[in-house]
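Colleague: Could you take a close look at one part of this model for me? I would like to hear about chain A and how it meets its neighbours.

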Amino acid sequence: MWLWFHRLASPKHFYRVAERLNPWLGSATLVVLIVGLYWGLVIAPPDYEQGDSYRIIFVHVPAAWMSLFVYAVMAGAGAVTLVWRLKVAEAVMRAAAPLGAWFTFLALVTGSLWGKPMWGTYWVWDARLTSELILLFLYLGFIALQSAMEDRRTAARAGAVLALVGVVNIPIIHYSVEWWATLHQGPTVTKLDAPSISLTMLAPLLVMALGFLLHFATTGLIRARCELLEGEARSGWVRELARRRRT
Amino acid sequence: MQEFLYMGGYYPFVWPAYGLVLLVLIGTPVAARRRERRILRRLASQEPRGKTSA
Amino acid sequence: MVRAFAAILGRDLVLALRRRGELGNPLVFFVVVVTLFPLALGPAQETLARIAPGILWVAALLAATLAMEALFRSDFEDGSLEQLLLSPHPPALLLLAKVAAHWLATGLPLILISPLLALFVNLPGQALPVLVATLALGTPTLSLVGAIGVALTVGLRRGGLLLALLVLPLYVPVLIFAAGAVDNAAAGLSAAGPIYFLAALLVLAVTLAPPATAASVRISLG
């Protein structure tokens with residue numbers, strides 16, 4: 001087990017494992033997402049208060065969860081990058097960032113599409129949406145830093161520091177935004193929280209969350225492969241791979 | 001079917017939300033795969049011709 | 001160690017005083033930005049008074065961010081930043097001295113001029129001490145957190161805008177608690193709660209930011 005884990009730290013081996021996992025993860029993602037979509041859109045009964053509009057929850061909440069989870073993955077990989085300087089960790093961190101930004105973007109847009117029928121406007125400075133917006137800024141800062149630095153390894157280590165600073169800050173930002181939201185409590189703002197979520201709604205929600213997680217694993221590994229190929233372009237195993245691709 | 005598409009009147013919100021999510025969920029892996037293939041093609045073109053093994 | 005800290009602090013302050021022109025820029029920027037608001041919103045006293053805490057804090061935050069960029073620039077160019085890493089003293093401590101000197105040269109003047117600007121935007125009088133207190137507690141935190149971003153972007157040619165992009169989201173808690181405290185005071189409420197939070201953030205920044213800055217400098221210098 002430990003040996004297996006150790007070998008995963010080598011870019012060549014990681015690439016091969018990721019390549020082999022890809023079809024399995026891909027099909028699992030597809031199946032789980034289709035089941036989740038059917039369950040959420042067709043089987044789950046409409047909410048007695050929000051009608052069918054609440055169905056946005058099945059994509060909004062998983063996207064919001066993923067936006068935080070991916071940042072945690074980035075920070076974890078960043079810590080490994082700084083401590084052990086593993087190229088695999090660098091690749092995972094850089095692969096995760098744009099996906100996290102996409103999940104954050106989806107959480108924002110679906111949240112605002114849900115907000116329109118609930119609040120009457122597309123955007124309300126509600127605590128959760130505001131935190132999510134700032135999280136998007138954190139992701140964009142990380143991506144901008146990566147593209148601004150020419151040397152890949154320097155960029156990765158700088159990004160790792162930024163991701164760790166961000167992860168320390170996220171709870172503080174979250175808390176401060178909550179405090180701010182209670183300070184400026186608007187007149188009769190309906191809470192976005194699902195009213196006492198029942199099992200018929202929770203089950204498809206969890207299925208969708210699993211689907212999003214699998215999607216991140218699938219896409220993240222493909223992207224990590226790209227990062228490894230670019231970072232290791234001159235090493236023997238990548239050249240071997242490229243040669244085989246020709247024939 | 002029509003009732004399903006109507007979404008209790010919330011169709012202008014539910015369907016764009018799901019549509020956008022699906023677009024991103026499909027777009028990101030497809031883009032990643034194409035990027036990988038592009039990288040491999042570029043690397044292959046840099047390799048000297050004629051050799052098939054190291 | 002204390003002597004090394006004091007030596008760097010003194011050296012940087014002398015250097016800052018020699019470049020007085022550059023020193024004044026953030027200050028002028030602060031004044032100009034605050035002036036723009038009445039021009040955009042109209043001179044109605046009640047409107048201005050209502051949003052004065054926000055105006056003052058956003059302007060101070062932007063001025064502080066703009067001033068940050070120069071924090072390590074000359075040291076990076078003449079190689080003394082590299083020297084600093086080689087010194088026998090912990091680099092985090094020496095960098096803390098540099099940040100402290102930078103704050104004394106750029107942050108402190110913002111605080112000193114803030115009462116005048118508070119007058120411009122008609123901030124209620126009882127909120128003025130709270131404004132000064134939040135600036136005194138908040139801007140050092142901005143400098144400490146900003147220093148990490150400066151260290152990460154110091155080697156880049158056009159780091160200015162990128163720096164703002166990196167650090168502004170991290171400034172959110174300071175902005176919220178500081179503007180919230182001034183807002184409370186302007187409304188005649190107690191501002192103690194958010195001020196405690198600002199103090200806590202400052203303590204957190206003093207302990208955590210310098211090591212992160214040192215790590216970032218090391219990465220940037222390769």
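Modeller: Happy to. Let me start with confidence, since this is a predicted model. Among the elements of chain A, the lowest mean pLDDT, 74, belongs to helix 1 (residues 2–7), while helix 3 of chain A has the highest, 95. Over chain A the mean pLDDT is 89, with 94% of its residues at 70 or more. One stretch calls for care: across residues 187–191 of chain A, pLDDT stays under 50, and the model has 5 contacts for them beyond four places in sequence. Where pLDDT is low, the predicted coordinates should not be read in detail.

Now to the neighbours. Two pairs of chains touch, and the pair with the most contacts is A and B. There, 38 residues of chain A are in contact with 27 residues of chain B. On the chain A side, helix 3 (57–84), helix 4 (87–119), helix 7 (199–231) and helix 8 (236–246) each supply at least two residues. By class, that side of chain A has 19 nonpolar, 8 polar and 11 charged residues. The partner, chain B, has 2 helices and 0 strands, and 22% of its 54 residues count as buried.

Chain C also meets chain A, with 20 residues of chain C in contact with 24 residues of chain A. On the side of chain C that touches chain A, at least two residues come from each of helix 7 (128–153), helix 8 (159–167), helix 9 (172–186) and helix 10 (192–220) of chain C. Helix 10 of chain C gives the largest share, 6 residues. This side of chain C has 16 nonpolar and 4 polar residues, with no charged ones. Chains B and C, by contrast, have no contact with each other, and their closest C-alpha atoms are 24 Å apart.

For a single residue to look at in chain A, try Val161(A). Leaving aside residues up to four places away in sequence, Val161(A) touches Ile148(C), Leu152(C), Ala212(C), Ala215(C), Ser216(C) and Ile219(C). Val161(A) also belongs to the largest nonpolar core, which has 162 residues; the members touching the most others are Val161(A), Met74(A), Ala96(A), Leu56(C), Ala60(C) and Val182(C). Helix 4 of chain A gives the most to this core, 17 residues, and that helix is also one of those supplying at least two residues to the side of chain A that touches chain B.

Conventions
Residues numbered from 1 in each chain as written. Chains lettered and ligands numbered in written order. Predicted model: local features only at pLDDT ≥ 70, side-chain atom pairs only at ≥ 80, totals over all residues. Contact = placed C-beta atoms within 7 Å. Helix = DSSP H or I, 4+ residues; strand = E, 2+ residues; numbered from the N terminus. Nonpolar A, V, L, I, M, F, W, Y, C, P; charged D, E, K, R; others polar. pLDDT = per-residue confidence, 0-100. Core = buried A, V, L, I, M, F, W, Y, C linked by C-beta atoms within 7 Å. Buried ≥ 20, exposed ≤ 12 C-beta atoms within 10 Å, placed from the backbone.
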